[in-house]
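Colleague: Could you take me through the inside of this model, with one part examined closely? I'd like to hear how its surroundings are built as well.

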Amino acid sequence: VLACPLLAAVSPVDKQHSSDSRLGPTCLRVSNLCSSRSVTTWYPVGAAFNSKPHRRLDHFERNVGLFGVPELSCPSGFQLATQAALRNTELLVDKACFCPPGPETVESFDQLSDGLCKVADLADFVKVAHPDPAFREAAERTCIEIGTVVEKLNTNVKLCKSLKELLDDPKIVAQLDPDTRRVAELFMFDFEISGIHLDETLRKEAVKLHVKLLDLNNEFLAGSHMPNRIAKSAIPEHLQLHFAKEGSFIQVGGLHADSPDDLVREIAYRIYLYPNGDLMNCLEELLKCRYKLAKLVGYESYGHRALKGTMAKTPVFGSTQELMPWDHPYLSGVLRAERFNIEPSLYSPYLSLGACMEGLNILFSQLYGVSLMSEHPSLGEVWSEDVRKLAVVHETEGLLGYIYCDFFHRADKPHQDCHFTIRGGRLCQDTNQYQLPVVVLMLSLPHPSKSAPTLLTPGMMENLFHEMGHAMHSMLGRTRYQHVTVESATIDSCFLSDSCLGTRCATDFAEVPSILMEYFATDYRVISQFARHYQTGQLLPENMINRLCESKKVCGAADIQLQIFYAVLDQIYHGKPQNSSTTEILKEMQQKFYGLPYTPNTAWQLRFSHLIGYGAKYYSYLMSRAVASMVWKQCFVQDPLNRDMGERYRREMLAHGGAKEPMLMVEGMLQRRPTMKDFVDALVSELNPNFETFIHDSES
């Protein structure tokens, strides 16, 4: 269904750029004009992101469709793509059921997964990101249609029997290579957690529960992001300007955590988190359905079902004025800014989007021998004219894949930082060619102005590095099977989908590459390669970077405690049913694990959209951060640009996707198997202050 154009010929300036980018801090040049001021110019990648896209002049250019898929030149094309995928599915099901047991069986299963995921993953992205409602609605219908087919396939007895015959024959299993055997076992695992071992009546019940959960997931996700509203008369007039207005009502669509006015923060907290009865019923029903499905297929709880195959394996727990929940985010930010003087406007001129993209290009060149090359997309290939397309090219392996960069704010675009897989990588057996991965990175950055390029705050820059970590995980993975390619979607707020056939990368491992990139983003040896003033070319001072790094440790323990509270709450919700409402459970867990008091008549859990994509797996953020910390300190802290270590990291952790047990990948990188104490120590060590920074600041 998906086609993607080959890498266009590299222009002479691009060829020059691809070699220059490995020479160190060459992301910009400073030219003197009339000896009165300095102007910064950029190499190709930086220039592509620090300038507005060129308008198309060729009115006869053919519309190639989204991502180069001809059918998707219009919304109705989703139906054509879906029908083609489903016809192909029928053929592959027959092939998988009737071919003799062996590697060909596993290949058929992977082709089946790949064909559905190509359409489902693309639709999953378009339904939340496309500016045209008609495209979004068409993509939503495709997601539902394919999701329903997937649930039926996961309980198809004939399909499962063909795989079981393979795995039950020791002679055949002994002849399989490790990747093929693991993929076969993972497909069988998908069957088992879907209830394939049940009798026909219970299997039908499992399918019904799966389909019902798809609807409940969508309903909860939509509701968790809807604003709450209150009559204007209920809010003092001088505070109404802080909120959106709708007739005689005030709309509150967030917590306003950055507001310096404590009354604004309190009003936003109480109104935005005010319980919605329908959404509360939806969440209660969703948790009941998840538990019922888990018990039906033989698990102690949904948490036990969700954690099978992950690093964690099983859900094991373990001022004079009163501080209120709406104070924590704001006051911690104030403390950081005051103690370390990290006003974002001081940093932004050094962090133009183009400079940061060049910095990523330099980093990847030095670690992996990979360059980012800007390409001009064809007509209809992108969904907004400000989307940039990057070809990822290795110095010896050639083209690795494509990254579409949807970085700029627009109306109706989600405000989450997201990574979407549009097409996963796999080795095509019939052509012996590698199917190149295609991904989208979605941010919500300000547009460049007439006088300046887009300037990032340190937080925006770190988020960019984080999301690019996900993208490079996709680009550098070279899995034989699509079923174990890198994660289909990682979104740092919501919108994860379960529509595709099976999971492709353990959730508690998937965040490691992105979190590790945050360490590179705050290391002066890396930042000095690119962070220069967009007008003067002056290098960002080292002491400013050091202060920024130390500022993150302010209230760091409270931040970790908050994440632990979220993770425990998630596990309790997905454990055995409690004789309490979700609000009563939240109140009890907040008191036990967080410390700040529960606010009456609020229901924070109704805004906890991670319950959908990260149900029973929210702990993954903490576990991934611990692994990333260990990898950074053991492997990169001495030399963050070391090529040998970069190659080892790619070989041991990035190349495998989900084809290798996650803990074995960590063990291969660290050359030791970390204990639970190692995980805890890694998180705690992040809070240790660097006294050299304090001494340096006091001296200056």
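Which residues have the most contacts inside the largest nonpolar core, and how many residues does that core have?

Modeller: Happy to! This is a predicted model, so local features need pLDDT of at least 70 and side-chain atom pairs count only at pLDDT 80 or more, while totals for chains, interfaces and linings use all residues. Residues are numbered from 1 along each chain as its sequence is written, and side-chain values use heavy atoms, without hydrogens or water.

The core you ask about has 146 residues, and M357, F364, I403, F407 and F636 have the most contacts inside it. Here a nonpolar core is a set of buried Ala, Val, Leu, Ile, Met, Phe, Trp, Tyr and Cys residues joined through side-chain atoms within 4.5 Å; buried means under 20% relative accessible area, exposed over 50% and partly exposed in between, with a 1.4 Å probe and protein chains only. Helix α24 (residues 620-636) gives the most to this core, 11 residues. Helices are DSSP runs of H or I with at least four residues, strands are E runs of at least two, and both are numbered from the N terminus.

Let's look around M357. Setting aside neighbours within four places in sequence, M357 is in contact (heavy atoms within 4.5 Å) with V45, F49, L372, L390, F407, L464 and M468. Two of these partners, L464 and M468, bring us to helix α16 (residues 458-476). This helix has 19 residues and spans 26 Å from its first C-alpha to its last, close to the 27 Å expected at 1.5 Å a residue; the expectation is 1.5 Å times one less than the number of residues. Helix α16 is mostly covered, with 16 of its 19 residues buried.

F407, another contact of M357, leads to strand β8 (residues 398-408). Because 10 of its 11 residues are buried, β8 is largely enclosed by the rest of the structure. On one pairing, 7 bridges join β8 to strand β7 (residues 388-394), and the two run antiparallel; strands count as paired if DSSP finds at least two bridges between them. A391 stands opposite Y402 of β8, and a hairpin of 3 residues links β7 to β8. The other pairing is parallel: β8 and strand β12 (residues 438-445) share 6 bridges, with F408 opposite L445 in β12.

Two other buried residues are worth a visit. L540 sits in the loop between α19 (524-527) and α20 (542-551), and counts as buried at 2% relative accessibility. Beyond four places in sequence, L540 touches Y347, Y350, Y524, I527, A531 and I545. Its C-alpha is 9.8 Å from that of L346, although 194 residues separate the two along the chain. T142, in helix α5 (residues 133-153), is buried too, with a relative accessible area of 2%. Leaving out residues up to four places away, T142 touches F78, T82, V119 and A123.

For the wider setting, the protein chain has 28 helices and 13 strands, and buried residues make up 57% of its 700 residues. The chain exposes about 29900 Å², of which carbon and sulfur atoms supply 54%; these areas come from the Shrake-Rupley method with a 1.4 Å probe, and for residues only the protein chains shown count as cover.
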